[in-house]
Each structure stands twice: as C-alpha cells, then as structure tokens.
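Colleague: I'd like to understand the words you use for this model. Could you go through them with me?

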Amino acid sequence: MYEDTPYPTDIREYLYKILVIGDLSTGKTSIIKRYVHNIFSMNYKSTIGVDFALKVIQWSPDTVIRMQLWDIAGQEKFSGLTRVYYKEAVAALVVYDVTRPKTFEAVPKWKSDLDTKVSLPGGEPIPVVLLANKIDLQEEGSASLDEEEMDRFCEENGILKWFGTSAKDNSNIDDAARFLLEEIMNREVEHANQQAQDAAAMAGRIQLNQPSAKEGCC
C-alpha cells in the first residue's frame with residue numbers, strides 16, 4: 001500500500017498535557033523515566049516544584065501523539081501553585097505507593113484537587129487513571145491488592161481504572177499509558193463529532209432564516 005510513499009503525507013499531530021501526581025516518593029519520576037527513556041535508577045532525587053518529559057508516539061500511520069508528562073512534586077499538593085501546573089491538562093495519572101497506606105489515603109484528596117482546578121472544555125472532569133506503584137515491594141509492606149476493592153474505590157472516586165505498576169520491573173506502565181491515551185483519543189473523536197453536529201445544526205438554522213427567492217422588496 002505504501003510502496004511509492006512509505007510514510008503518509010498528511011500527518012495529524014496531537015499534543016497532550018498529562019499530569020503525574022501523588023504524594024512524595026511514590027515513584028512518579030521513576031515511572032516517567034521508565035516510560036519515556038526506558039531507564040530506572042534507585043537514586044532519583046525528589047522533584048522540587050514541577051518537571052516534565054516528552055514522549056512521542058506513532059499512534060497510527062497518519063497520527064502522531066506528543067505526550068507532555070508533567071511531574072508534580074508531592075509536597076506541592078493542594079497548594080495554590082497546582083492550579084497553574086494543572087492548566088490545560090487533558091488527563092492525569094495519580095500515583096500511590098503500595099507499601100505506604102497513607103499515600104493511598106491521599107488519593108481522593110488529589111482527585112478532588114484536580115476536579116476543582118482543571119476540567120475539559122465541556123466542563124467535565126479530566127480522565128484519571130490510578131497507579132498502585134512499587135508492586136515489586138509488596139511483600140515488604142502490604143498485602144496483595146484486592147481487585148474488587150480497588151475497582152470499587154475507583155468507581156466511588158471517579159477514577160477510570162487502576163493498574164498495579166513497578167518502574168523497577170517495568171510492569172504495566174505502558175498498558176496504563178495506552179489505556180489513558182485511548183480514552184483521550186476517544187473523547188477527541190466525540191468532541192469533533194459534536195462540533196460537526198453543532199455546525200450542521202447552525203447551518204440548518206441559518207438556511208431556514210434565509211429569505212426565499214420569491215421574497216424581495218416591493
């Protein structure tokens with residue numbers, strides 16, 4: 001199909017700002033480094049303020065997605081600065097550490113902070129995925145995750161889905177990111193279809209209000 005032109009000439013590009021938030025030392029930076037650069041280190045310093053990384057994905061032969069992953073420092077939670085950091089975000093990953101229950105207890109507060117400070121153009125909340133991180137260390141600090149309980153928690157808190165992840169083992173990070181991107185792209189299509197319908201309806205109303213050819217000045 002692409003013998004003469006191996007790459008499509010009409011490429012659609014999308015730039016999405018995605019927040020990565022959660023309490024201090026839950027592994028947000030490690031997750032981003034693993035996903036973007038496929039590297040892992042035990043020696044990352046705590047993020048101060050905000051940092052971000054860019055991931056470019058060939059989503060389809062004619063679609064390129066550029067993901068700006070914004071790493072929000074855990075100590076910034078619920079501060080006035082988060083409103084600035086959250087601006088224009090279209091989705092978020094909320095991260096907690098499975099070996100530290102208090103970081104899980106903070107998840108609803110992070111979600112509430114998001115909902116009060118950023119929303120999609122239509123006013124609905126941005127899509128959120130929960131990452132239960134450091135599952136490689138579960139035996140050291142917590143019991144196995146109860147899937148039914150986690151599903152119920154997500155439903156009660158307006159979270160689309162959860163994934164047990166490990167930056168060290170590279171577990172489920174790509175799957176979580178792809179799920180979130182699929183949700184973003186689906187909403188992009190729905191928004192475009194709604195705009196097209198609104199434009200068609202407006203054109204129809206304008207046509208109805210036009211004077212007929214027989215009408216004119218006396």
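Colleague: Why is Arg12 called partly exposed?

Modeller: First, a caution: this is a predicted model, where local features need pLDDT of at least 70 and side-chain atom pairs count only at pLDDT 80 or more, while totals for chains, interfaces and linings use all residues. Residues are numbered from 1 along each chain as its sequence is written, and side-chain values use heavy atoms, with hydrogens and water left out. Now, buried means under 20% relative accessible area, exposed means over 50%, and partly exposed is in between (1.4 Å probe, protein chains only). Arg12 has a relative accessible area of 41%, so partly exposed is the right word.

Colleague: What makes Asp62 and Arg12 a salt bridge?

Modeller: The term needs a side-chain nitrogen of Lys or Arg within 4 Å of a carboxyl oxygen of Asp or Glu. Here the closest N and O atoms of Asp62 and Arg12 are 3.4 Å apart, which fits. Asp62 sits in the loop between β2 (50–60) and β3 (63–72) and Arg12 in strand β1, so the pair ties together parts that are 50 residues apart in sequence. Asp62 is partly exposed, because its relative accessible area is 28%.

Colleague: How many salt bridges are there in the structure?

Modeller: Eight. Another one joins Glu13 and Arg66, with the closest N and O atoms 3.3 Å apart. That pair links distant parts of the chain, since Glu13 is in strand β1 and Arg66 in strand β3, 53 residues apart. Arg66 counts as partly exposed because its relative accessibility is 30%. There's also a network of salt bridges that links Asp97, Arg100 and Lys134.

Colleague: How far apart are Glu182 and Arg178 along helix α7?

Modeller: They are four residues apart, so about one helical turn separates them. Their closest N and O atoms are 3.5 Å apart, and they form a salt bridge. Glu182 is partly exposed at 35%, and Arg178 counts as partly exposed at 42%.

Colleague: How do you know which strand or helix a residue belongs to?

Modeller: Helices (H or I, at least four residues) and strands (E, at least two) are DSSP runs, numbered from the N terminus.

Colleague: Which residues of helix α4 are buried?

Modeller: In α4 (residues 107–117) they are Val107, Trp110, Lys111, Asp113, Leu114 and Lys117. They cover an arc of only 160 degrees around the axis (taken from the directions from the helix axis to the C-beta atoms), which puts them on the same side of α4. On the other side, Lys109 and Thr116 are exposed. The cover over the buried residues includes β1 (12–22), β4 (91–97) and α6 (147–156).

Colleague: Is Ser166 buried or exposed?

Modeller: Buried, because its relative accessibility is 0%. Ser166 lies in the loop between β6 (161–165) and α7 (173–209). Leaving aside neighbours within four places in sequence, its contacts (heavy atoms within 4.5 Å) include Asn133, Asp136 and Ile173. The Ser166 side chain also reaches the backbone nitrogen of Lys168 at 3.4 Å.

Colleague: And what makes Leu15 exposed?

Modeller: Leu15 has a relative accessible area of 56%, so exposed is the word. Its place is in strand β1. With Leu54 and Val56, Leu15 forms a nonpolar patch on the surface, with about 280 Å² of accessible area together.

Notes:
A polar contact is a pair of N or O atoms within 3.5 Å; within protein, one must be able to donate a hydrogen and the other to accept it, and residues adjacent in sequence count only if both atoms are side-chain atoms. Patches are made of residues with over 30% relative accessible area and no salt bridge: like charges are joined within 9 Å, nonpolar side chains (Val, Leu, Ile, Met, Phe, Trp, Tyr) within 5 Å. Accessible areas come from the Shrake-Rupley method with a 1.4 Å probe; for residues, only the protein chains shown count as cover.
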